[in-house]
Amino acid sequence: MDTSANEIQKLKFDSSHHDIEAIACNDKEGYLYIAEEGHRKVQAFLLEDYDGKSLKEAYHFSVVTGNSTSSRSGLEGMTCNTNTGDIYIANEKGPAMIVRCHLNGEEYDSNEIHYSRDISGLAYDDALDLLWVLSDQNEQVFLTDLTGTIVYDYWDLPVANPEGIAINNVADPPMLYISTDPSAPSGPQYVPLVLGFEKPKNGTGYVYWDGKHLPSYVTDPPPCDGCHDAFEEAYNNGFEGARYW
């Protein structure tokens, strides 16, 4: 997709891959990665081998996530460090944790996360050399070190079921993108959205909130360009009872 969420190209892979909950790309090496939540398996595809019909698997590896074995709370977020080639993979919960692997899939670091109830997405920030950690249950995004354990700042998100995150430092100003998941297994359905936010700056969120003065993005939020149109389009395409939050 382009930065306005318009489809540019659709890549297909065969039906043997199930329950895909995370995707990442290593632009330098030309690999596209997908993660199967329940199997806790990551597959790598070399983009230059795409024949227009189906992506062909180059290699795969399994991810060890401690004592977590639930097929409903497995791999849920993934991102690539464009400087080192390392792959960061999140286990959703039970426990929430971030695993770091080398390019070949060999694990060399894993850390449990305790500041959020779950992890639903990860994004490496090549300008800051830090991680953005997304939690759909907290409805928050956290800026952390590369282990995911030290939180520098965090912000609320004005949307329910945030399940995907990406950073665009080429844009001016730099952007943070959040995608939502409308297919909640229970409870209300939500409008499927891709939302773009100006990337927040470290020090503008809740870490430095003094308890008396809310952050400016709460007291003076910017207007939502396109939200009304997105909701109307969703309403007209089968989401009559859905809501944003």
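This is a quick walk through some strands and cysteines in the structure above.

Okay, so first thing: what we're looking at is a predicted model.

Let's start with the sheet. There are three strands in the order β13-β14-β15, forming an open sheet, and the pairing is antiparallel. On the edges you've got β13, covering 162–168, and β15, covering 194–198, and each of those pairs on one side only. From one strand to the next, the twist averages 25°.

Now zoom in on β14, residues 175–180. How many bridges join β14 to β15? Five, and the two strands run antiparallel. If you want a residue pair to click on, take Leu176: its bridge partner in β15 is Phe197. As a general reminder, strands of a sheet pair through backbone hydrogen bonds.

Next up, a hairpin. Strand β11 is residues 140–144, strand β12 is 151–156, and they pair in the antiparallel sense, again with five bridges. One pair to look at here is Gln140 with Asp156, its bridge partner in β12. Between the two strands sit six residues, and in that turn Gly148 has a positive phi of about 80°.

Last, the cysteines. How many disulfides does the structure hold? Zero. Take Cys80: the nearest cysteine sulfur belongs to Cys25 and is 7.2 Å away. A disulfide needs the sulfurs within 2.5 Å, so that pair doesn't count. As for accessibility, Cys80 has a relative accessible area of 6%, which means buried. Cys101 is buried too, at 0% relative accessibility.

That's my tour, over to you folks.

Key: Residues are numbered from 1 along each chain as its sequence is written. This is a predicted model: local features need pLDDT of at least 70, side-chain atom pairs count only at pLDDT 80 or more; totals for chains, interfaces and linings use all residues. Side-chain values use heavy atoms; hydrogens and water are left out. Two strands pair if DSSP finds at least two bridges between them. Helices (H or I, at least four residues) and strands (E, at least two) are DSSP runs, numbered from the N terminus. Axes are lines fitted to C-alpha atoms, for helices over the stretch in contact, and angles run from 0 to 180 degrees between N-to-C directions. Buried means under 20% relative accessible area, exposed over 50%, partly exposed in between (1.4 Å probe, protein chains only).
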